[in-house]
Amino acid sequence: DSALNDKGNNGEDLTGGYYDAGDFVKFGFPMAFTATSLAWSVLDHQSGYTSASALDDAHKAIKWATDYFIKAHVSEFEFYGQVGQGQVDHDYWGRPEDMTMARPAYKITTSAPGSDLAAETAAALAAASLVFKTVDSAYSTTLLQHAIQLFNFANTYRGIYSNSITDANSFYKSSSYEDELVWGAAWLYRATNDNQYLSVVNELYSGIQYNDGFGWDSKKSGADVSLIFEASCDIPLLRSTLVNQWRR
């Protein structure tokens, strides 16, 4: 047990979630990307997890993240995206159980937005809602409700999260938010079949610079795969663009 006193600015419970790499800051942006990727792998490769007798462990690993995201989403337009200070944590060489330094919490709001963070977390929750749909339907519904709210937050109040949570700049500085909005919209469409999310894809997709990488700061390739192979890309211009890119 460690960091059992992690709290928000108003005393909200922010225990749980994952530390970053070998350090003990909870950086929400890469944590959400990890959760989305893990949930995606379970959805599309469940037979492999089952064959390895690892499906239950995968569910627990996803839920450890999503339970934390639900706690961090303290109101419709407030989401805690980081707990702990990056450099202070990097300067500490010890066990997480022995930490005594202050662990401030940082959040995005309407006046300090973070579309990339909120949309990536929405993607994680939407993907997880599909994972738990036949496992725990009540939990799945809760996840989807938070995903819808967070995506609306991301889309309505646009901005780069690391401009609002400035401590993240030296560690997980975001280059843009458009790719996360498209990625998040693709996951919300998969979870809801609501065409409003394809409208967001249609608005923003052509403005995202092509990048064949896939990682915590680059979601376009993941969105490409999701949109073209899920047949959720029923926008002719977008489909032809994707096909041409994959042929190259």
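**Exercise 1. Determine whether serine 53 is buried or exposed, and describe its backbone and its place in the chain.**

Serine 53 is exposed, with a relative accessible area of 66%, where exposed means over 50% relative accessible area, buried under 20% and partly exposed in between, computed with a 1.4 Å probe on protein chains only. This is a predicted model, in which local features need pLDDT of at least 70 and side-chain atom pairs count only at pLDDT 80 or more, while totals for chains, interfaces and linings use all residues. Residues are numbered from 1 along each chain as its sequence is written, and side-chain values use heavy atoms, with hydrogens and water left out.

The next step is the location: serine 53 sits in the loop that runs between helix H2 (46-51) and helix H3 (55-72), helices being DSSP runs of H or I with at least four residues and strands being runs of E with at least two, numbered from the N terminus. Finally, the phi of serine 53 is positive, about 55°, although serine 53 is not a glycine.

**Exercise 2. Describe helix H8 and the residue with positive phi that follows it.**

Begin with the dimensions: H8 has 15 residues and reaches 21 Å from its first C-alpha to its last, close to the 21 Å expected at 1.5 Å a residue, the expected span being 1.5 Å times one less than the number of residues. Twelve of the 15 residues of H8 are buried, so the helix is largely enclosed by the rest of the structure; among them are Asp179, Glu180, Trp183 and Trp187.

After H8 comes asparagine 193, whose phi is positive, near 60°. Asparagine 193 belongs to the loop between helix H8 (178-192) and helix H9 (196-204), and with a relative accessible area of 55% it is exposed.

**Exercise 3. Work out the order and the pairing of the strands in the open sheet.**

Three strands form the open sheet in the order S1-S2-S3, and their pairing is antiparallel, two strands being paired if DSSP finds at least two bridges between them. Strand S1 (26-27) and strand S3 (105-108) stand at the edges, each with a single partner strand, so one side of each is left without a neighbour in the sheet. In detail, S1 pairs with strand S2 (residues 79-83) in the antiparallel sense over two bridges, and phenylalanine 27 has glutamine 82 in S2 as its bridge partner.

**Exercise 4. Characterise the surroundings of serine 115.**

Serine 115 is found in helix H5 (residues 115-131) and, at 0% relative accessibility, counts as buried. Not counting residues up to four places away in sequence, serine 115 touches Ala154, Tyr157, Arg158, Gly159, Tyr177 and Leu181, contact meaning heavy atoms within 4.5 Å. A polar atom of the serine 115 side chain lies 3.2 Å from the backbone oxygen of tyrosine 157.

**Exercise 5. Identify which residues touch the most other members of the largest nonpolar core.**

Such a core is a set of buried Ala, Val, Leu, Ile, Met, Phe, Trp, Tyr and Cys residues joined through side-chain atoms within 4.5 Å. Of the 66 residues in the largest one, Phe69, Ile108, Phe151, Tyr161, Val182 and Trp187 touch the most other members. H5 gives the most to this core, with twelve residues. To follow one of these residues further, tryptophan 187 touches Thr36, Trp40, Leu43, Ala123, Ala126, Ala127 and Leu130, not counting residues up to four places away in sequence.

Notes: A polar contact is a pair of N or O atoms within 3.5 Å; within protein, one must be able to donate a hydrogen and the other to accept it, and residues adjacent in sequence count only if both atoms are side-chain atoms.
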